[in-house]
Each structure stands twice: as structure tokens, then as C-alpha cells.
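Please look at the sequence and the structure shown here before reading the dialogue.

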Amino acid sequence: MLRLESVSKRYGRGRWILKDVHAEISPGEVVAFAGGNGSGKSTLLRMLVGITGPTGGRITGRPREVGYVPDRFSPNGRLSAVAYLTHMGRIRGMPTRTASARAHQLLDRLSLAGGKEARLHTLSKGNAQKVELAQALLVEPRLLVLDEPWSGLDASAHGVLAEIIAEVARSGGSVVFTDHRESVTTAHAARTYAVRTGRVALATADTVVAHRDETEIVLVRPDGGQVPHEPDWGALGALPVTRRGAEIVVRVSRERGDALLLSVLRSGWSVAGVTRGVRDRRAGEAVQERGTR
């Protein structure tokens, strides 16, 4: 079991970024750390994977096989995506042929735009995120650590990422991820720790909102029209996005639904339907008002 015991972190004589953190992550468990920008989430993940050490306290139980996806991967090399992954696989001890085969398999699954020979420096944020996710999965991780993993990904990759998280957990690996959206952490994590001003506390039924008003928007490409560009769903406040046949299904908090609708309509998408619902997380019940456009 991975344990954080009285973990604290600061750089030099600066302010404490994290203070007296206690947390546990069991094998096969998916755990989320939720908090706003600057709360210390990314620093916590870097300590979990061993990139930086704690100033105080200790972290025990870290497995050998760790996969890590930082919040931002900005490649500036001229290697192709598949060449980069093959190289990273060799660094991790894989034979060249095995690393290359694994790289091709992962990039096919993640549907890298531009193809596997696309140069790293030409990739968009979302596609760079796919390459870094593939890098984390080259060797089957016993601990998979993801910092804001849904940010910038297209709709098809949202579903693949959810599948990957579930697969790692089913195989007995631990998964830790961060997100600032409560509905994302609730949908994918068995437990959520709230990170606020350097302090970390286990979220319980008393510390989360019991009722969440959400809107589900179903989008389709216009008949005979130009294929519209997919927006940055995370920037629009969308919750995990999924594909359902020819449709894209987006969930968003009700207060941000109008802004998202306006943006996608301007981008050329057609709206097939809108569902507004109130979810009770404790009871698992929903009351929905169905409308179509």
C-alpha cells in the first residue's frame, strides 16, 4: 500500500506548499486529489512518483513500475511520436522491437492526430497529452499518476482514458489523478481527497455537495457541412466527454451549459438534444427534464 505519512513540502525558506499530509492508496484503487489551481496538487503528485522528495514526513510503498503524466507536456524535439516512445521504452529496459510494437499499439488506441510519424514539436496540447499518456503505459504500471489528464483531450480520447484507468485498477495497479471538477473525481475515483491551501483531507458525504445540477448535451456534425473542429472541452468546463455512435455526448454543470452551447454552435456543431438533471450522489437517483432542439 502506498502511504503518505505527515508529508510536508516547501522549497528553501519559502511558504509551505503542503503541510502534514496523510493519505493511503491501495492496490487496485482509483484515488483523486481535487483542488483549485495553486492548491498543491501537482507538487503532491511529483512527490508520489519520486521526482521530488518531501521536506518532512515520508512516502512508503511506492512500486517500481510507475507511469506518470504531468499536467503539461511541451515536447520541442524533432523525433516522431513513435520514435520518442520507442526510445523511452528502451530507457525503461524494453527491447527495441518490443518497445516499437507497444508504441504503435498505444498510439493506434489513442488515435493520435497526424499519425504516428508526426513530429513532437508539431503536436497540439491534446495530442502531446496522448503521447505522454502512451509513455506512461509502455511498461504496465503498478502506479499510474495523472495530473489533470482530461485537459485538452478530444472526445474519443476521453472514453479511452476512462477505459485505461479501469484496466489498470482491475489488474491490481493503483491510479491517482487530479482534477478541479468535482463531478470528474466522483465519476472515476473510489475516494477523493480535497486539497486546499496546502492541507489535504479525505472528502466525505459531509464535505461534498449532495445535489449537483448538470446538463447533458448531445452534439452531431451538420449534414453535408464542413466537419467542425472539436473545442477544448476542459476549457469550456465540460465533464468527461464520450462518443455514442455518430454523436458526441458532453456533460457540463448547468451554470456553464449556456456558454458551452453558444461556443459549439458557433463552431458549426448541431445540437441533437439537451437533458437537464439533478443527481443525488448519496441516493444515486436522478430527476430529468428532457428537451430536444
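The following questions and answers concern a helix pair and two residues.

This is a predicted model, in which local features need pLDDT of at least 70, side-chain atom pairs count only at pLDDT 80 or more, and totals for chains, interfaces and linings use all residues. Residues are numbered from 1 along each chain as its sequence is written, and side-chain values use heavy atoms, with hydrogens and water left out.

Student: How is α3 oriented to α4?

Tutor: Helices here are DSSP runs (H or I, at least four residues), numbered from the N terminus. The axes of α3 (residues 96–110) and α4 (residues 125–137) come within 10 Å and cross at roughly 135 degrees. Angles under 35 degrees count as roughly parallel, over 145 as roughly antiparallel, 65 to 115 as roughly perpendicular and the rest as oblique. The crossing angle therefore makes α3, relative to α4, oblique.

Student: Is Lys130 buried or exposed?

Tutor: Lys130 is located in helix α4. Buried means under 20% relative accessible area and exposed over 50%, with partly exposed in between (1.4 Å probe, protein chains only). Because its relative accessibility is 1%, Lys130 counts as buried.

Student: What distance separates the C-alpha atoms of Val274 and Ile217?

Tutor: Val274 belongs to strand β13 (residues 270–280), a strand being a DSSP run of E with at least two residues. With 6% relative accessibility, Val274 counts as buried. Val274 and Ile217 are 57 residues apart along the chain, and their C-alpha atoms are separated by 4.7 Å.

Note on methods
Axes are lines fitted to C-alpha atoms, for helices over the stretch in contact, and angles run from 0 to 180 degrees between N-to-C directions.
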